[in-house]
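Trainee: I would like to take a close look at a single part of this model and then see how that part sits within the whole.

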Amino acid sequence: MMVCSALAVWWVLEQPGTSCMELHPLFQYMLQRVSSHKMTINMCDYGGPTTKRTLIYSSELEEIQKHFTS
């Protein structure tokens with residue numbers, strides 16, 4: 001993500017809603033150094049069979065909203 005950000009490449013990271021990755025010190029380090037946006041979606045809103053909550057991190061807010069807004 002840091003390399004993509006340095007090269008101005010749009011990146012997206014998907015994590016289960018129960019993930020504790022955002023608490024990891026190295027992930028926190030990365031979030032402090034790159035521009036990122038976080039969005040929560042439910043899989044059932046996009047055709048999934050369950051209401052599973054998913055966290056989406058992205059370098060571009062407008063792009064992430066374009067792809068994940070009902």
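Where is Thr18 found?

Mentor: This is a predicted model, and in it Thr18 lies in the loop that runs between strand E1 and helix H2, the helix spanning residues 25–33. Thr18 has a relative accessible area of 77% and is therefore exposed, since the cut-off for that class is over 50%. Although Thr18 and Arg53 are 35 residues apart in sequence, their C-alpha atoms are 7.9 Å apart in space. Cys20 is likewise classed as exposed, because its relative accessible area is 55%.

To place the loop, it helps to begin with the order of the elements. The protein chain has three helices and three strands, and from the N terminus on these elements follow the pattern α-β-α-β-β-α. The three strands form an open sheet in the order E1-E3-E2, with antiparallel pairing. Its edge strands, each of which pairs on one side only, are E1, residues 12–16, and E2, residues 37–42, and from one strand to the next the twist averages 25°.

Strand E3, which covers residues 53–58, is joined to E1 by five bridges, the two strands running antiparallel, and within E1 it is Val12 that stands opposite Ser58 of E3. On the other side of the sheet order, six bridges join E2 to E3, again in an antiparallel arrangement. Here Asn42 stands opposite Arg53 in E3, and this is the Arg53 whose C-alpha atom lies 7.9 Å from that of Thr18. Five of the six residues of E3 are buried, so this strand is largely enclosed by the rest of the structure.

The nonpolar residues extend this picture. The largest nonpolar core has seven residues in all, namely Trp11, Leu13, Phe27, Met30, Val34, Leu55 and Tyr57, and the elements that give two or more residues to it are H2 and E3. The helix that follows the loop of Thr18 is thus one of those two contributors. Trp11, a member of this core, is in contact with several residues beyond its neighbours within four places in sequence, among them Met1, Cys4, Val34, Tyr57 and Ser58. One of these partners, Cys4, counts as partly exposed, because its relative accessibility is 28%, which falls between the limits of 20% and 50%. A disulfide is a covalent bond between the sulfur atoms of two cysteines, and the structure holds zero disulfides.

For the chain as a whole, 23% of the 70 residues count as buried, and the accessible surface comes to about 4900 Å², with 58% of that area belonging to carbon and sulfur atoms. Among the contacts with a separation of 6 or more, 52% are made by residues 24 or more positions apart. The C-alpha atoms of the protein chain fill a box of roughly 35 × 25 × 10 Å, taken along the principal axes.

How values were computed:
Residues numbered from 1 in each chain as written. Predicted model: local features only at pLDDT ≥ 70, side-chain atom pairs only at ≥ 80, totals over all residues. Heavy atoms only, no water. Pairing = 2+ DSSP bridges. Helix = DSSP H or I, 4+ residues; strand = E, 2+ residues; numbered from the N terminus. Axes fitted to C-alpha atoms, helices over the stretch in contact; angles between N-to-C directions. Disulfide = S-S within 2.5 Å. Buried < 20%, exposed > 50% of the residue type's maximum accessible area, 1.4 Å probe, protein only. Contact = heavy atoms within 4.5 Å. Areas by Shrake-Rupley, 256 points an atom, 1.4 Å probe, with all protein chains shown as cover. Core = buried A, V, L, I, M, F, W, Y, C linked by side-chain atoms within 4.5 Å.
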